[in-house]
Structure formats: C-alpha cells, structure tokens
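Colleague: Please take a close look at a single part of this model and tell me what surrounds it. A connected account would suit me better than a list.

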Amino acid sequence: MNSSRTTWVSRIAKPWQTKNPAPSRYNRNARLHVQLKDCFTSLLRTPPKAAFFICALILTLPATFAIWSGSFASAEKNLLQSRHITVFLNPRVSNTDAKLLATNLATNKRIIAAVVAPLTIQGTEISTLNIQPSTNLSNEDLSVITRELNSHSSVDFVDADATWLQSNVHAIETTKKLAIAGSILASLVAALLVFGITRADLMRHQAEYRVLNQMGASHSTVLRPVLLRSLLLTSFALCLASLLAWGTVETAAHLVDISSYKRLIPNSLPVIQLLSLILVAFISSVLTVNLLGKKLLNLYLSAT
Amino acid sequence: MAPYSATIHRTAVLPPRDTGSPVVSRENQVIHFHKVQKNVDGRRLFTDLTLFLPKTSYTLLCGGTQSGKTTLLQMIMAYEKPDQGALRVDGIDLGDIPASRIPFLRRQIGLIAHTPVLLEDRSIVENISVPLQLAGFDQDVIQKRLAATLAQTGLHDEQHIKVNRLTAPTRQLVSAARATIHKPAIILADEPLEDMDAGTANLLAGMLNEANVAGATVLIASQSDESYVQRLANNCKTLTLSEGSIKQNEFEQNNLG
C-alpha cells in the first residue's frame with residue numbers, strides 16, 4: 001500500500017483533492033475529463049519519481065537517434081549532389097569549338113543519362129565546362145566518362161574529384177545505418193520501460209485492487225485508471241524527451257566543429273520530423289501499455 | 001430514504017439463472033445453501049449445510065473458532081465455491097458463476113470484514129464513496145449520499161483525514177459506512193462489533209438495523225451472541241454453526257412448517 005508522501009507535487013494537487021474528493025476514475029459513467037483529472041491528481045499525489053525521469057531519458061534516445069539518422073540522410077544526399085566534373089579545355093580551343101564540344105556533351109546519350117544538372121560554360125573566353133553527375137552514378141561509371149572526356153582532343157584535363165566525396169558518403173551511410181539501428185534498439189528499450197513502469201504501477205496499487213475487487217470492481221474498471229495514468233505519464237515523458245532530444249542535437253551540433261559541412265549537414269531541428277516522431281512514439285507507447293499492460297493486469301487479477 | 005431495490009444501479013442487477021438446483025420460494029430467497037459440502041485444507045468444514053435466508057431477514061450466525069463462519073461469508077461473496085451441493089445468492093447459482101459476472105454480484109453485497117481493508121492512503125470520504133463510483137452513480141447523487149452517510153456516522157468533521165491515521169473502531173465505522181452507502185441487497189458482517197467501544201458499537205449496530213429496515217438482508221457472523229443481542233434489532237434471528245451444519249435454522253423451520 002502506498003504511504004502518503006508530502007511533496008511539492010502533492011501540494012500542487014491539494015486544490016483538486018479538496019474539490020473532488022471522490023475517486024471518479026473508477027466511475028465508468030463519469031465524463032472522461034473528470035476521470036482524467038482524477039488520474040492526474042492521483043499522479044500528482046503519488047508521482048513515480050525516478051521512473052518518470054528514466055522514462056523520459058530513455059525516450060530521448062530513439063528521438064535523438066532518429067533525428068541524427070535524418071540529418072545523416074540529408075547530408076548524404078547533399079554530398080552526392082555536390083559532386084562535379086570540371087572539364088578544363090585546351091587553351092588553343094576556340095570558343096566555337098568549345099561550344100561545339102558542349103553541344104556534343106549535352107547530346108551525348110551517356111552524359112545525358114548520367115548528368116542531372118545542365119552543362120555550364122564558365123567565362124567569356126570559354127576555358128572550363130562543369131558537369132554535375134547524377135547521384136546514382138557510381139565511381140566506375142564516373143571513371144569511364146572521365147576517360148572518354150580525357151581522350152578528346154579539345155580537353156586539356158578532367159578533374160573528377162568525386163571519389164573522396166563518395167567515400168565520405170559511404171561513411172555517412174554507415175553512420176546513418178548505425179543511427180537507425182540505435183533508434184530501433186532504443187525504441188524497444190523505451191517500450192520495455194513503459195511496460196515496466198506500468199507493471200510497477202500495478203504492483204504499487206495491488207492492495208487497492210484487492211479492496212476494489214472485494215467491492216465488485218471488474219477488471220476493466222481497475223484497468224482504466226491504470227491506462228489513463230500511463231497515458232498521462234507517457235505524455236509528460238514525451239514532452240520532456242522531445243526537449244532533451246532537441247537539446248542534445250543542438251548541443252552536439254555546436255560541440256562538433258561542422259562549419260565546413262554546414263552546407264551539407266543541417267544543424268537545426270526539423271520540427272515536422274520531431275513532431276511525427278513524437279506521435280509515433282506516443283502511439284507505440286499507448287499500444288504497448290494497452291496490449292502488454294492489459295494482458296499483465298488480467299493475469300495478475302485472475303491470479304489473485 | 002429511497003427503497004433499496006430502486007437504488008441499485010442497473011449494471012449491478014443480474015438476471016437469475018436457472019440451473020436446476022432446488023429452489024424454495026425463489027421470489028423470497030436471497031441466500032440459499034442446499035446440502036453444501038466444503039473441504040478446506042483437507043478438513044471437512046461443511047457437511048450438508050442447508051441454510052435459507054429470505055429477503056430483508058436479519059440473522060446472527062454464531063459459531064466457535066474454525067467453525068467456518070468466515071468461509072461461509074466468503075462463499076456468499078463468491079471467493080470460495082462449494083465442493084458439493086448448491087449455493088444460490090439472489091437467484092444466481094454460485095457453483096458455476098462465470099468470473100465475469102462475479103463483480104456484478106459483489107456490487108450487490110456490502111461487506112464489513114473482521115479487519116477492515118481500506119484504501120490506506122485515501123481519506124475517509126474517498127473510501128466511503130468507492131462503491132458508489134463503481135456502481136456508476138452521478139456525482140450529484142454521490143455527494144448527497146456521502147453527506148447523509150457522514151452525518152449518520154458522525155464522521156463529517158474528519159472526512160478528509162486519511163484512514164491510516166484512524167483508530168480501529170473508527171476504521172470499522174468507515175468500513176460499515178462503505179458497506180451500506182450504496183444500499184446493497186445483502187450486508188455481510190464478520191465480527192463487526194468486536195473490540196469496539198460502546199458508543200461506536202451502538203452506532204454501527206444502528207446502521208445495520210436501519211439498513212435492514214430499509215430492505216437489506218443482513219447476516220452477521222460472530223463467535224458469541226452476548227455482545228450483540230442487546231444492540232441488534234428485535235427481529236434478529238440467531239443461528240448456530242457447529243460441526244459443519246446449522247444447528248438451529250428458524251427460517252428453514254418456518255418455511256418447512
């Protein structure tokens with residue numbers, strides 16, 4: 001049985017306790033907001049201290065990992081888009097020949113298939129041509145195109161510095177996969193933790209359930225407040241988790257010097273992504289509590 | 001005061017089930033043990049126990065230690081099932097009652113246990129109001145009932161005190177208030193007046209008497225009838241549970257006669 005604890009939260013709950021002395025969370029005919037208010041009061045009166053913060057911290061992990069994996073995905077895309085092939089023309093080539101070469105490159109089927117950005121000609125005296133390869137073009141294909149361009153009489157040399165960029169892309173891709181794996185793992189841990197907190201909540205109130213059972217409370221009557229309490233607790237934890245995740249991402253962006261990658265890696269939080277993430281985490285937590293918690297409670301009540 | 005039958009919430013009413021067990025005047029019966037046998041821990045507790053309590057009856061069940069009084073009350077609450085024989089409570093055969101129907105049965109019964117089991121970290125008013133909440137009453141009705149019960153028990157000034165701070169007699173009083181506030185069809189009490197001061201015992205006995213007058217069937221289990229006969233109502237019948245059966249069953253005798 002719970003021992004009464006006078007804490008700052010119980011002092012906050014005092015007005016509700018005096019205004020609404022009856023435990024209406026067990027009244028199935030009471031309005032939902034009345035039941036929720038009663039559960040809220042109950043939570044304030046006997047707050048799950050450590051569990052609440054652990055829950056929030058654990059929920060932070062999948063959120064952070066997911067945000068990071070999103071950041072790495074956009075970095076990978078940006079890196080691939082930043083690849084350029086610079087064709088340095090022979091100084092003896094006239095502008096007419098250079099334009100002819102550009103037209104040939106623009107109509108070359110291999111180049112058209114590989115290139116997404118239009119061919120750009122730099123300078124009034126044409127000296128360089130820039131080609132942006134497609135993001136799905138591999139290093140090998142890029143080498144073939146480079147060799148073809150090098151063999152052309154009008155071309156002095158070709159600078160295809162995309163190889164190291166692609167190596168970076170591989171590193172980023174691996175990091176992204178790690179972040180996704182971490183996100184899934186942390187989500188499982190978070191789901192288990194929510195389940196554990198619900199279970200602990202059940203055990204904490206088992207004397208109360210025995211009394212209620214004696215007075216004719218059905219399983220669903222006992223279960224409803226537990227689920228509502230878990231719902232409220234998860235909501236609070238998610239709010240805290242989103243704040244912590246935001247803080248972690250922002251702090252990491254400032255701690256690690258990414259000034260040279262600013263164009264590539266976004267260091268601010270995508271709000272829509274975070275909101276959708278919180279929604280998914282919330283729904284999964286509720287489902288976890290509903291499916292596992294309900295089963296556990298039914299087993300417990302049947303056993304007693 | 002509203003009649004008892006009218007105040008039982010609709011969800012608390014169970015349709016009677018016909019299971020073929022012997023029935024004596026079904027309209028009048030509330031509790032009916034018919035040739036019930038029960039073994040507890042390898043010991044035969046009841047041998048052909050037959051007991052019939054009509055509606056609005058007021059019964060004091062006496063018996064020595066280990067005579068099976070508490071088990072009998074537990075069987076009425078559907079915590080225990082008879083090994084043999086039939087047990088019907090308000091027309092429901094408890095021998096094969098589904099688990100899902102037991103809560104509805106218990107909502108029709110008010111139990112005053114020997115050692116009150118209360119919600120320790122809750123106030124008096126919260127404890128007393130639980131049966132009303134479980135029955136699904138409106139908040140207005142709950143507040144009115146609470147006010148009336150608190151006035152009757154004299155607990156109005158202490159209503160927000162947590163029950164873990166109360167003395168044993170006051171806890172028993174809270175238990176009695178909780179057992180009677182929703183006006184159940186049956187009130188079971190296990191040694192309710194034991195270790196009580198005279199004032200509180202009179203108050204509690206008065207509550208039981210009043211509940212009986214209003215239409216509840218009251219069954220009190222006690223080791224001796226000495227402390228009760230002075231306080232309980234005149235229409236209270238005394239039965240003795242000994243060696244696994246009822247030695248004196250006035251109701252059954254009257255009924256058979």
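**A proline in a helix, and the helix before**

Modeller: A:Pro225 counts as buried because 22 C-beta neighbours lie inside 10 Å, and the cut-off for that class is 20 or more. The model is a predicted one, and what follows should be read as such. A:Pro225 sits in helix 9 of chain A, which covers residues 219-255. Once its neighbours within four places in sequence are left aside, A:Pro225 is in contact with A:Arg25, A:Tyr26 and A:Cys39. A:Asn27 can be placed relative to the proline as well: the C-alpha atoms of A:Pro225 and A:Asn27 are 9.8 Å apart, while 198 residues separate the two in sequence.

Next, helix 8 of chain A. Helix 8 spans residues 206-214, and its buried residues include A:Glu208, A:Tyr209, A:Val211 and A:Leu212. Viewed down the axis of helix 8 of chain A, the buried residues fall within an arc of 160 degrees, so they line one face of the helix. Just after helix 8 of chain A comes A:Gly216, whose phi is positive, at about 100 degrees.

For chain B, a few overall figures can be added. Chain B contains nine helices and 10 strands. Chain B has 257 residues, of which 45% count as buried. Among contacts in chain B with a separation of 6 or more, 74% are between residues 24 or more positions apart.

Key:
Residues are numbered from 1 along each chain as its sequence is written. Chains are lettered from A and ligands numbered from 1 in the order in which they are written. This is a predicted model: local features need pLDDT of at least 70, side-chain atom pairs count only at pLDDT 80 or more; totals for chains, interfaces and linings use all residues. Helices (H or I, at least four residues) and strands (E, at least two) are DSSP runs, numbered from the N terminus. A residue is buried if 20 or more other C-beta atoms lie within 10 Å of its own, exposed if 12 or fewer, and partly exposed in between; C-beta atoms are placed from the backbone. Two residues are in contact if their C-beta atoms, placed from the backbone, lie within 7 Å. The arc is that of the directions from the helix axis to the C-beta atoms.
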